[in-house]
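Open the model in your viewer and keep the selection panel at hand. The stops below go from an enclosed space to a ligand site and then to some backbone details.

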Amino acid sequence: MAAPIDLHEVAERELEARSRYPWRLKACNSTACLSAGAGTTMQAMEQAVEADDLALDVQLIPTGCMGLCSRGPLVRLLRRGGEETMYADVTPEVGIDIIRSHVRDHRPVEASLLDQHMPFFASQERVVLTHAGIINPDRIESYVAHGGYQALEKALTTMAPEEVVEQVRISGLRGRGGAGYPTGSKWALLAAAAGDTKYLVANGDEGDPGAYMDRTVMEDDPHRLIEGMAIAAYATGAARAYIYVRAEYPRAVERLDRAIRVARRNRLLGRRILDTDFDLEIEVRIGAGAFVCGEETALMASIEGRRGTPRLRPPYPTERGLWGAPTMINNVETLANIPAIVTNGGSWFASIGTPSSTGTKVFALAGDLVNTGLIEVPMGITLRHIVEDIGGGIPNGRSFKAAQTGGPSGGCIPAEFLDTPVDYDSLRELGSIMGSGGLIVMDDEVVMPDVAKYFMEFSMDESCGKCTPCRAGTVQMHGILDRITTGTGTRRDLRDLEHLCQVVRDTSLCGLGQSAPNPILSTIHYFRDEYEALLVDREAVDA
Amino acid sequence: MTSTVDDAPSQAPEDGHPSGDERFALVDKHLKRVRYEQDQLIETLHVAQDVFGYLSEDVLMYVARALLLPPSMVYGVATFYQLFTFEAPGDHACTVCTGTACFVKGADGIVRTVGDAYAVAAGATSDDGRLTLKTARCLGSCGLAPVVVLDGTVHGHLDAAEAVALVRAAVDGGGES
Ligand SMILES: Cc1cc2nc3c(=O)[nH]c(=O)nc-3n(C[C@H](O)[C@H](O)[C@H](O)COP(=O)(O)O)c2cc1C
Ligand code: FES
């Protein structure tokens, strides 16, 4: 057996190597920036470095998401000694300019500068995404140089499993997959479960259509997820783990597979991790396009190679899970918080956010905003702060109409509640949910019944068909919405729709059906006039 | 670890397909790597679809035999998941993102316009076999919404007319993808 990695030596070597370069240029190579042309920009910059013989002066580093996806490709130039410059909309020409003008001639390319102190960046607080856009996700050395795997080492060598669980409990961390169940309590359940074989599953299914928080963690900081999982497994006594990734994320699968191999080689996974008695194997499993597989019992069926249909709980997975053994499912973002909690302690984490919603939350900010992209903010921040300061407000002279959170399971929040703090309980009170982190802002051109219909079409397509309320109810609700949005709905339709919403919510088997009516209920609640204006018999009744 | 139907141990069947089609060797290679574990069914179907482009009945039967699973179960699993297809794809593939961000920016209109132009419904292939029109849920490039992927290349900020022009250039103007 090879010796385990010496974290401190690797970190030192990496920092030493880095200090040889007067300049280091980090270029976002995450999906959004690649779509915007980051690949060709990188090539152009590499050629410029070669042509100008600058290979000893500047190191080009591909990184993960820098956040402001709407201005990609993004580039960050660091000068030895600390000075940092950020560039946006970096076309190949601008990239070449950055090399020639800024690196070679010390003249920044003014036209493409991005102010790093703008509210978009200044209002954020990074725990989960500390490394995204900073490290090279394909190099474990890069992760280790930024303190990576030190939390695992600390847990394995200085903490008993119960102490780790206790710190997570103190942190107040709640599941980021949508439901917000206290993570520490879930860990305690698995730790207490009887059985020789216990499983841990990282839920990377990320089904909300308009969100990519978990993908960013898996692609841009895969070792962070692995470290979080290793700590979770140690704390709870799981010896086997799976990462369930949706098939639409091939890059995440590739990155994770590689990271797992490298971690094994360095004795951070496998047998006798870091020369302790702790063993863990992690395997990646791929979905095949079914939203319901994000639900934990359906997810387990899918890992077992079956149709991904949910089942009733209890028994909860921590009692009976994969192949009948106790199993714990944690969301990817939840697990990515763990290394920071172990390193800094549970009370440090609890000091961020609000008392009942601690820590930060990552959101995929999209829709009708000046700035869109991936943001991480402390819990309790107001929606207004996110929309107006981070998002930069609504473009094209239009105004804010609603923010949608929680995707097909969530709801819309209208302008009068812009000052609501973003935390689990406040959002629920407004008829929406925190959800996994999709946050879509809509301007006054958006028609709310259309939005409801969009989400209902989604739920209808994704209903797995196992229980009748959800299978038939979603079709009925969609049919009514179709009539209403095309101007043939009646007052009776609207009444039936509201009634159906209650029935489907109360009688469906799993969370998909139970929450599918939310987008309708919340839009009817806040924008009833828009529905009524579309009804055919409105005059007759109004008169 | 596996839930076997008759509790018979999984074992490697004879290699290859009677037709001698070499592509089955690639499926076999995967099956060996996962030691014919039955819970690897979904992974195996992914590999088979990568190799053949789609899952024909013949391929499904082959996988069922290799994993010692009833064909009904293999078929049931394959049809449950949306990413598995049972028809040969067209020469060109146009995927329109219909995630929420793209929806808000008019993705619906793109699907309709491209569909009308080629008389093809979302999820289907045109009768002449030249275009497969697909929808996807969030391609993770919401900042570029609405997003269309044409033969593997991502295009953002498109309106319906631009999207059709793009598809026309590839399907009518260019060669094979
Ligand atoms: C229809 C449905 C879809 C879900 N999709 C996801 C998902 O994509 N990712 C996720 O982490 N949790 C999802 N969940 C929640 C999971 O069932 C589970 O609560 C969660 O993964 C637990 O992790 P957490 O406690 O860390 O949040 C979904 C639930 C339902 C009902
Ligand atoms: S919704 Fe289309 S890329 Fe995210």
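The largest cavity holds about 70 Å³ of space. To find this cavity, select Pro310(A), Cys464(A), Cys467(A), Cys470(A) and Cys510(A), which lie nearest its centre among 13 lining residues. By class the lining has eight nonpolar, four polar and one charged residues. Here Ala, Val, Leu, Ile, Met, Phe, Trp, Tyr, Cys and Pro count as nonpolar, Asp, Glu, Lys and Arg as charged, and the others, Gly among them, as polar. A search of the whole structure finds two cavities of 30 Å³ or more.

Cavities and pockets are found on a 1 Å grid over the protein atoms alone: a cavity is a set of points where a 1.4 Å probe fits but cannot get out, a pocket is an open set with protein on both sides within 12 Å along at least five of seven lines, and lining residues have an atom within 4 Å of a point. Grid points are joined across faces, edges and corners, and a volume is the space filled by probe spheres set on the points.

The model is predicted: local features need pLDDT of at least 70, side-chain atom pairs count only at pLDDT 80 or more, and totals for chains, interfaces and linings use all residues. Residues are numbered from 1 along each chain as its sequence is written, chains are lettered from A and ligands numbered from 1 in the order in which they are written, and side-chain values use heavy atoms, with hydrogens and water left out.

Next, select Gly177(A), Gly178(A), Ala179(A), Glu295(A) and Arg313(A). How much space lies in the second largest pocket? The volume is about 1500 Å³, and those five residues are the closest to the pocket's centre out of 48 that line it. The lining has 15 nonpolar, 23 polar and 10 charged residues. Colour α9 (183–192), β9 and α22 of chain A, each of which supplies at least two lining residues; β9(A) gives the most, with five. Helices (H or I, at least four residues) and strands (E, at least two) are DSSP runs, numbered from the N terminus.

Now show ligand 1, which takes up space in the second largest pocket; a molecule sits in a pocket if more than half of its atoms lie within 2 Å of its grid points. Around ligand 1 are 18 residues, the closest being Gly177(A), Lys186(A), Asn203(A), Asn331(A) and Thr334(A); a residue is near a molecule if one of its heavy atoms lies within 4 Å of it. This shell has three nonpolar, nine polar and six charged residues. β9 (327–331) and α22 (511–515) of chain A each supply at least two of them, and β9(A) gives the most, with three.

Which side chain has an N or O atom 2.8 Å from an oxygen atom of ligand 1? It is that of Asn331(A). Polar backbone atoms of Glu206(A) and of Glu296(A) each lie 3.0 Å from an oxygen atom of the ligand. Taken alone, ligand 1 exposes 600 Å², and the protein buries 89% of that (Shrake-Rupley method, 1.4 Å probe).

Stay on Glu206(A), in the loop between β6 (199–204) and α10 (213–220) of chain A. Its phi is near 35 degrees, a positive value in a residue other than glycine.

Then step to Arg313(A), whose peptide bond to Pro314(A) is cis, with omega near -10 degrees. Pro314(A) is in the loop between α13 (296–303) and β9 of chain A.

Finish in chain B, where a cis peptide bond joins Ala145(B) and Pro146(B), with omega about -5 degrees. Pro146(B) lies in the loop between β2 (131–136) and β3 (148–150) of chain B.

Methods: A polar contact is a pair of N or O atoms within 3.5 Å; within protein, one must be able to donate a hydrogen and the other to accept it, and residues adjacent in sequence count only if both atoms are side-chain atoms.
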